[in-house]
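Here are some short exercises to help you find your way around a new structure. Try each task on your own, then follow the solution step by step.

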Amino acid sequence: MAPNTDAEPIAKGTIPTIKQSFRDLFRWRQRVAITNEYGEVATEWQTPEPLQNPIKLFMQLSAKDWLFFIVGLLAWTADAFDFHALSIQTVKLAKYYETSKTNVTTAITLTLLLRSVGAAFFGLAGDKFGRKWPMVINMIVLGLLQIATIYSATFQQFLAVRSLFGLFMGGVYGNAIAMALENCPVNARGL
C-alpha cells in the first residue's frame with residue numbers, strides 16, 4: 001500500500017465543494033480529514049481498503065443484523081406490493097369511485113410524494129426518540145391504513161387515506177434501513 005500523502009483541505013462553500021468533489025471522483029485515493037489530539041485538522045490522501053469477499057462479509061452479520069435487513073426488505077416489499085397493486089387496478093378503482101383514471105393515479109402520486117415528507121419527519125423522530133418506537137408506530141398505523149383503504153366509501157376518503165399511507169410508509173423504510181446500518185459491522189455496510 002502506498003504511504004498517505006498530504007492533500008489540500010476540504011473545501012468550504014457549495015460551489016468549491018462541488019468542484020472539489022467532482023475532481024475527487026476521478027481519483028482512486030480518498031481525501032480524509034484527520035484530527036490529532038490537539039484538535040489540529042490535517043487532510044491527506046489514503047488508499048482505500050482492498051475489496052473483500054462478499055461471503056466473508058455476509059458471515060460477519062449476526063442474527064440481529066439479518067433481522068434488521070429482513071425488516072427493511074419486508075418494508076420495501078410491502079411498499080412495492082401496495083404501489084403495484086393500486087397501479088394495476090386503476091381502471092377498476094376509477095369505475096368503483098366513479099371518477100377518471102387520472103384522478104386515481106393522482107392518489108398514487110400523492111402517496112409517492114408524501115413518502116419523502118414522512119421519511120423526513122419520522123427520520124427526525126427516530127433520531128430523537130430512537131428508531132424502534134417510531135417504526136413500531138408506523139407499522140401499526142400502516143396496517144390500519146391498509147384496512148381503511150379497503151373501506152373508503154368515497155374518492156375523497158380514498159385520497160386522504162392514500163396520502164396518510166404515503167407519510168407513514170416513508171417513515172418505515174428510512175428507520176428500518178438506518179437501524180440495519182447502525183448495527184451492521186462497519187466493513188459489511190456496503191452489502
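**Exercise 1. Work out in what pattern the helices and strands follow along the sequence, and how many of each there are.**

Step 1: Walk along the sequence of this predicted model and you get β-α-β-β-α-α-α-α-α-α.
Step 2: Count up the elements, and you arrive at 7 helices and 3 strands.

**Exercise 2. Compare the radius of gyration of the protein with that of a compact globule of 191 residues.**

Step 1: For a compact globule with this many residues, you'd expect a value near 16 Å.
Step 2: The protein comes out at 23 Å instead.
Step 3: For the outline, take the principal axes: the C-alpha atoms fill a box of roughly 70 × 40 × 30 Å.
Step 4: Now look inside, where 29% of the 191 residues count as buried.
Step 5: Finally, take the contacts with a separation of 6 or more; 61% of them join residues 24 or more positions apart.

**Exercise 3. Describe how helix 3 and helix 5 pack.**

Step 1: Start with what you need: two packed helices are described by the angle between their axes and the distance between the axes.
Step 2: Helix 3 covers residues 63-88, and its axis lies 10 Å from that of helix 5, at an angle of about 155°.
Step 3: Angles over 145 degrees count as roughly antiparallel, and helix 3 and helix 5 are therefore roughly antiparallel to each other.
Step 4: The crossing of the two is left-handed.
Step 5: On the helix 3 side, the contact uses Asp79, Phe83, Leu86 and Ser87, while helix 5 brings in Ile108, Leu112 and Arg115.
Step 6: Sort the residues of this contact between helix 3 and helix 5 by class and you get 4 nonpolar, 1 polar and 2 charged.

**Exercise 4. Do the same for helix 6 and helix 7.**

Step 1: Helix 6 spans residues 132-150 and helix 7 spans residues 155-183; their axes come within 9 Å and cross at roughly 150°.
Step 2: That crossing angle makes helix 6 roughly antiparallel to helix 7.
Step 3: Check the hand of the crossing between helix 6 and helix 7, and it's left-handed.
Step 4: Pick out some of the residues that meet: helix 6 offers, among others, Met135, Leu142 and Leu145, and helix 7 offers residues including Phe158, Phe165 and Met179.
Step 5: By class, the residues in the contact of helix 6 with helix 7 are 16 nonpolar, 5 polar and 2 charged.

**Exercise 5. Is Pro134 buried or exposed, and which residues is it in contact with beyond its sequence neighbours?**

Step 1: Find Pro134 in helix 6.
Step 2: Pro134 has a relative accessible area of 8%. Buried means under 20%, so Pro134 is buried.
Step 3: Skip the neighbours within four places in sequence, and Pro134 is in contact with Phe122, Ala125, Gly126 and Asn175.

**Exercise 6. Find out what stands out about the phi of Glu98, and whereabouts Glu98 sits.**

Step 1: Most residues other than glycine have a negative phi.
Step 2: Glu98 isn't a glycine, yet its phi is positive, near 50°.
Step 3: Look for Glu98 in the loop between helix 4 (90-96) and helix 5 (101-129).
Step 4: With a relative accessible area of 75%, Glu98 is exposed.

**Exercise 7. Decide whether Leu124 is buried or exposed.**

Step 1: Locate Leu124 in helix 5.
Step 2: The relative accessible area of Leu124 is 60%, so Leu124 is exposed.

How values were computed
Residues are numbered from 1 along each chain as its sequence is written. This is a predicted model: local features need pLDDT of at least 70, side-chain atom pairs count only at pLDDT 80 or more; totals for chains, interfaces and linings use all residues. Side-chain values use heavy atoms; hydrogens and water are left out. Axes are lines fitted to C-alpha atoms, for helices over the stretch in contact, and angles run from 0 to 180 degrees between N-to-C directions. Helices (H or I, at least four residues) and strands (E, at least two) are DSSP runs, numbered from the N terminus. Angles under 35 degrees count as roughly parallel, over 145 as roughly antiparallel, 65 to 115 as roughly perpendicular and the rest as oblique. A crossing is left-handed if the near helix is turned anticlockwise from the far one by less than a right angle, and right-handed if clockwise. Contact means heavy atoms within 4.5 Å. Ala, Val, Leu, Ile, Met, Phe, Trp, Tyr, Cys and Pro count as nonpolar, Asp, Glu, Lys and Arg as charged, and the others, Gly among them, as polar. The radius of gyration is taken over C-alpha atoms; the globule rule is 2.2 Å times the number of residues to the power 0.38. Buried means under 20% relative accessible area, exposed over 50%, partly exposed in between (1.4 Å probe, protein chains only).
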